[in-house]
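Welcome! Could you walk me through this structure, step by step, as someone who has never seen it before?

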Amino acid sequence: MKWVLAKVQELCPICESNHFEDESHFLIYCNKYSILRDEFYRKMEHIVPTFKQLSSLQAIGELMTLQIIIYINIQLAKFISSCFDLRNTNVSLSNQTYAT
Ligand SMILES: [Zn+2]
């Protein structure tokens, strides 16, 4: 999977953690995506029954390994797309707050 976030490290724009918005923060740690992440993980448990027992880092590694399964690709793309939608909405709202 080719990562699409900016190469320049910036703080996550939608949570107050003061963590850089890198791949692990976006996919694993940011609490603003927890509902989307939980939903995605539930879907993955149907394919990989041990998914819930893996650490978050192991789970993401497992997903990258299993990308040959088209269903996982689609669900991963939907999860990331939903996170980006949420992110962009929050960033947009944040910018409006500063503009007014
Ligand atoms: Zn965050």
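Here are some questions and answers about the model.

Q: How confident is the predictor, and which helix has the highest mean confidence?
A: This is a predicted model, in which local features need pLDDT of at least 70 and side-chain atom pairs count only at pLDDT 80 or more, while totals for chains, interfaces and linings use all residues. Residues are numbered from 1 along each chain as its sequence is written. The chain averages a pLDDT (the predictor's confidence in each residue, from 0 to 100) of 81, and 86% of the residues score at least 70. Mean confidence is lowest in H3, at 77, and highest, at 86, in H2.

Q: How many helices and strands does the chain have?
A: Helices (H or I, at least four residues) and strands (E, at least two) are DSSP runs, numbered from the N terminus. Starting at that end, the elements run α-α-α-α. The count is 4 helices and 0 strands.

Q: Which residues make up the largest nonpolar core?
A: A nonpolar core is a set of buried Ala, Val, Leu, Ile, Met, Phe, Trp, Tyr and Cys residues joined through C-beta atoms within 7 Å. Buried here means that 20 or more other C-beta atoms lie within 10 Å of a residue's own, exposed means 12 or fewer, and partly exposed is in between, with C-beta atoms placed from the backbone. The largest core has 6 residues: Phe40, Met44, Ala59, Leu63, Leu76 and Phe79.

Q: Which elements give two or more residues to this core?
A: In soluble globular proteins, nonpolar side chains tend to be buried together. Here, the elements giving two or more residues to the core are H2, H3 and helix H4 (70-99).

Q: Is Val48 buried, partly exposed or exposed, and which residues does Val48 contact beyond four places in sequence?
A: Val48 sits in the loop between helix H2 (34-47) and helix H3 (56-65). Val48 counts as partly exposed because it has 18 C-beta neighbours inside 10 Å. Two residues are in contact if their C-beta atoms, placed from the backbone, lie within 7 Å. Leaving aside neighbours within four places in sequence, Val48 is in contact with Glu62 and Leu66.

Q: Is Arg42 buried or exposed, and what separates its C-alpha atom from that of Lys52?
A: Arg42 is found in helix H2. Arg42 has 11 C-beta neighbours inside 10 Å, so Arg42 counts as exposed. Arg42 and Lys52 are 10 residues apart along the chain, and their C-alpha atoms are separated by 8.2 Å.
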